[in-house]
Amino acid sequence: MNQSFFIKTYGCQMNDYDSDKMEELLTFNGFNKVTNFEKSDVAILNTCHIRKKASDKLYSDLGRLSIFKENKNKLGKQMQIIVTGCVAQAEGEEIIKRNKSVDYVIGPQNFHIIPDLVRKKNSSKVYTDFLCEEKFESLPVSNVKNISRLVTIQEGCDKFCTFCVVPYTRGAEYSRPVEDIFAEVLQYSKFGTSEITLLGQNVSSYSSRIYEDSKKKEVPLSGLLKILSRISGLKRIRYLTSHPSDITDELISEHKKNKLVMPFLHLPIQSGSNEILKLMNRKHTKEEYLRIIKKIKKEVPKMAFSSDFIVGYPGESDTNFEETLDLIEKVGFASSYSFKYSPRPGTPASTKKNFIDESTSNMRLKKIQELLNKQQRYFNDSFIGKTMDVLISGKGKKENQYVGRTPYLQPVHIMSSKSLTGKILKIKIESLTSFSFHGKILN
Ligand code: 5AD
Ligand code: SF4
């Protein structure tokens, strides 16, 4: 009988993509996907290391899983536990020392070896080399119909923000070749994908080379968007995450000219204080950030923005925090993520002495989230009564209900007795409940 597997994914969309790829790889190799750990022969925990809370989850889940494995072994059944993702890369051997039931620890650039490893039962337990190129070459492309697909185009980061583990867990920046990305997206579109989200820790610094007129020519993100939009059947292209220092005029111009590129940009700034931005090694000031936003809005007036913020970075004063609130007021974000600073082992910021106390950080987080939520509501309210293009991704929970997304990723619910999946429809937005719209089809 075929072996079964279950993958639990923690953290960001890069991990979602990796988990999808692991699933495709295992299915391709004859493994069966099951719906929970209890039914699985191979349990994979695809982990996140970005904040302490995220990596702590691994150990609490491992505690439960190891008891389960023990009970299974008592009944004469086998189970293999594999830890993948960024905690695997960062902690390696340490994970097995903390929990002996773990069979393998596999970094984000090594998961292509899983099928082989599971079958052959290798003596070596930890795999954390940076094998980005080899990994992408070994991955199959799924033929499952999905209206929206994630596509990793770039991995790793050379920016070294002082709070962030990514340059250590995902390694140096690597851009996948244009031809490979094109082939993957083409395949997806043939199987019915209408929307792709190009992923990378730093997609805005994407750079690859192709031959054109017998010369090697550099293709930046803007060029890649242009090339991918030639794929027939593709209706929408998104990308994330971008760094403010890498936003080029060509990229802005692509947003202006290319109808497939959605007018929604995730552009993290982290803090609105120049003093803190400098300490964070963000390589840009608040004024530069505001200038980019202004320039984009001038070229593409309907563009909306989201961002990431960290509160309580070591040394952040009340004034520094007020400056962040002020920046938020100035920009007006459509949605955003905000986090309490979490010291990560091995990062420069974690060695600082001037940590901000928990209650101050909590207070700042509450305040920033109130403001960001208020802005999100204001942004969403502005669409009530208006008509929006909605890409229908599938059925909703209720009978005859369909769910879709606007260009700004707002969820929309529509009632219809006919199948709408995969269509882009003009929807009149009638109401808003928490953060999702309800509307009706026009025509
Ligand atoms: N503490 C809190 N938030 C962090 N992020 C990255 N590292 C940390 C950290 N040490 C946040 C940043 C980043 C997002 C993905 O996670 O805001 O943009
Ligand atoms: Fe981390 Fe993003 Fe900074 Fe890179 S640019 S170090 S991924 S926060």
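**Ligand shells, pockets and a few odd backbone spots**

Phenylalanine 160 sits in the loop between S8 and H7. In this predicted model, the residue has a phi near 55°, a positive value in a residue other than glycine. Phe160 also turns up in the set of residues surrounding ligand 2, along with Lys159, Cys161, Phe163 and Cys164. The rest of that shell is made up of Cys157, Val166, Pro167, Gln201, Asn202, His243 and Arg282. Sorted by class, the surroundings of ligand 2 come out as seven nonpolar, three polar and two charged residues.

Lysine 159, one of the residues around ligand 2, has a partner of its own: it makes a salt bridge with aspartate 246, with the closest N and O atoms 3.0 Å apart. Aspartate 246 is in the loop between strand S13 (236-240) and H10, while lysine 159 is in the loop between strand S8 (154-155) and helix H7 (166-169), so the pair ties together parts that are 87 residues apart in sequence. Side chains of opposite charge can pair when their charged atoms come close. Over the whole model, the count comes to 26 salt bridges.

The loop between S13 and H10 has a backbone quirk too. Threonine 241 is placed in that loop, and a cis peptide bond joins it to leucine 240, with omega at about 10°.

Now for ligand 1. Its neighbours are Ile50, Arg51, Phe163, Gln270, Asp308, Ile310, Phe339, Lys340, Tyr341, Ser342 and Arg344. Phe163 is thus listed around ligand 1 and around ligand 2. Several polar contacts can be picked out. A polar side-chain atom of glutamine 270 is 2.6 Å from an oxygen atom of ligand 1, and an N or O atom in the side chain of arginine 51 is 2.9 Å from an oxygen atom of the ligand. With phenylalanine 163 the backbone does the job: one of its N or O atoms lies 3.0 Å from a nitrogen atom of ligand 1. On its own, ligand 1 has 410 Å² of accessible area, and the protein covers 87% of that. Strand S15 (304-311) and strand S16 (335-340) are the elements that give two or more residues to the shell. In terms of class, five of the shell residues are nonpolar, two polar and four charged.

Next, the empty space. Rolling a probe the size of a water molecule over the atoms shows where such space is left. The second largest pocket holds about 460 Å³, and 19 residues line it. Nearest its centre are Lys259, Pro263, Lys302, Asp389 and Pro407. Helix H10 (249-257) and strand S17 (387-395) are the elements that give two or more residues to this lining. The lining splits into nine nonpolar, three polar and seven charged residues.

As for enclosed space, there is one cavity of 30 Å³ or more, and the largest cavity has a volume of about 30 Å³. Its lining consists of Tyr239, Ile247, Leu251, Ile252, His255, Leu265, Ile296 and Met303. H10 supplies the largest share, three residues. By class, this lining has seven nonpolar residues, one polar and no charged ones. H10 therefore shows up in two settings, giving two or more residues to the lining of the second largest pocket and the largest share to the lining of the largest cavity.

Key:
Residues are numbered from 1 along each chain as its sequence is written. Chains are lettered from A and ligands numbered from 1 in the order in which they are written. This is a predicted model: local features need pLDDT of at least 70, side-chain atom pairs count only at pLDDT 80 or more; totals for chains, interfaces and linings use all residues. Side-chain values use heavy atoms; hydrogens and water are left out. A residue is near a molecule or strand if one of its heavy atoms lies within 4 Å of it. A polar contact is a pair of N or O atoms within 3.5 Å; within protein, one must be able to donate a hydrogen and the other to accept it, and residues adjacent in sequence count only if both atoms are side-chain atoms. Accessible areas come from the Shrake-Rupley method with a 1.4 Å probe; for residues, only the protein chains shown count as cover. Helices (H or I, at least four residues) and strands (E, at least two) are DSSP runs, numbered from the N terminus. Ala, Val, Leu, Ile, Met, Phe, Trp, Tyr, Cys and Pro count as nonpolar, Asp, Glu, Lys and Arg as charged, and the others, Gly among them, as polar. On a 1 Å grid over the protein atoms alone, a cavity is a set of points where a 1.4 Å probe fits but cannot get out, and a pocket is an open set with protein on both sides within 12 Å along at least five of seven lines; lining residues have an atom within 4 Å of a point. Grid points are joined across faces, edges and corners, and a volume is the space filled by probe spheres set on the points. A salt bridge is a side-chain nitrogen of Lys or Arg within 4 Å of a carboxyl oxygen of Asp or Glu.
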